[in-house]
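Subject: Handover of a structure and findings

Dear colleague,

I am passing the structure below to you, together with a short account of what was found in it. Please look at it first and then read the notes that follow.

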Amino acid sequence: MNTTGVVVAGGRSTRFGDREKALAELDGRPMLAHVVATLGAVSDGVVVNCRPDQRTAFADALAGLDVDLAWALDEQPDEGPLSGLATALAAVDTDRAVVLGCDMPLAEPEALSGLRSRLESSDAVVPRTEGGPEPLHAVYRVEPTLRAARATLADGERSLRSLLDRLDVTDVEGAVPARSLTSVDTEARLWELEPVE
């Protein structure tokens, strides 16, 4: 496939209360495990970006998965998702990366494969919704994206949208199911998704 999956999971998830968002369970499994399993289905291996203090718990949560895992630890934690993405991409040795945030447990392999198939001459394929682009549910060419991410950070900018402004992006509207783009960034949103027994 010549593709690596990337999970950006180093944030403090302050809107999620006092627990680790990536380890919050949905349908009996940590959200991180859902995301890694999905990426494993569409890639040759998965790089997990996180803080050094998260690695042990995250590794335990992923122990049962049959996925080739690598770790990209933030040297300077709490620098934001753009910094985390740059750290992860520096550990990728394929031409393409399929990227998900750790809070997207409903992401669908078919949707990600569809995005990857559109990555032709551009640097990235990014779904766009009414709320704007979804850069943590997207496919990137590693070399130009890493170069642009480092330049963005060097200019003192930390937003993923600032990164997209520096890339040749293929915007995709309406091709990715809303369910696949679901971001679970609060406990209330997680409770909404939990199946009723």
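A salt bridge here is a side-chain nitrogen of Lys or Arg within 4 Å of a carboxyl oxygen of Asp or Glu. Please keep in mind that the model is predicted. Side chains of opposite charge can pair when their charged atoms come close.

How many salt bridges does the count come to by this rule? The count comes to seven. Three of the pairs are described here, beginning with R128 and D171.

The closest N and O atoms of R128 and D171 are 3.6 Å apart, and the two residues form a salt bridge. R128 belongs to strand β7 (residues 124-129) and D171 to strand β10 (residues 169-173), so this pair ties together parts that lie 43 residues apart in sequence. Both ends are partly exposed: R128 has a relative accessible area of 32%, and D171 is at 41% relative accessibility.

A second salt bridge is formed by the side chains of D155 and R166, at 2.5 Å from N to O. This pair links distant parts of the chain, 11 residues apart, with D155 in the loop between α5 (142-154) and α6 (160-165) and R166 in the loop between α6 and β10. R166 counts as partly exposed, at 35% relative accessibility.

The third pair is E20 with R51, where the closest N and O atoms of the salt bridge are 3.8 Å apart. E20 lies in the loop between β1 and β2 (25-26), and R51 lies in the loop between β4 (45-50) and α2 (55-61), so the pair ties together parts 31 residues apart in sequence. Is each partner buried or partly exposed? E20 is partly exposed, with a relative accessible area of 23%, whereas R51 is buried, with a relative accessible area of 4%. Salt bridges with shared partners also join E20, R51 and D53 into one network.

Turning to another part of the model, V8 lies in strand β1 (residues 3-8). V8 has a relative accessible area of 9%; buried means under 20%, so V8 counts as buried. Which residues is V8 in contact with, leaving aside its neighbours within four places in sequence? They are N49, P81, L85, V99, L100, G101, C102 and L136. In addition, V8 and T87 are 79 residues apart in sequence, while their C-alpha atoms are 9.4 Å apart in space.

With kind regards

Technical notes. Residues numbered from 1 in each chain as written. Predicted model: local features only at pLDDT ≥ 70, side-chain atom pairs only at ≥ 80, totals over all residues. Heavy atoms only, no water. Helix = DSSP H or I, 4+ residues; strand = E, 2+ residues; numbered from the N terminus. Buried < 20%, exposed > 50% of the residue type's maximum accessible area, 1.4 Å probe, protein only. Contact = heavy atoms within 4.5 Å.
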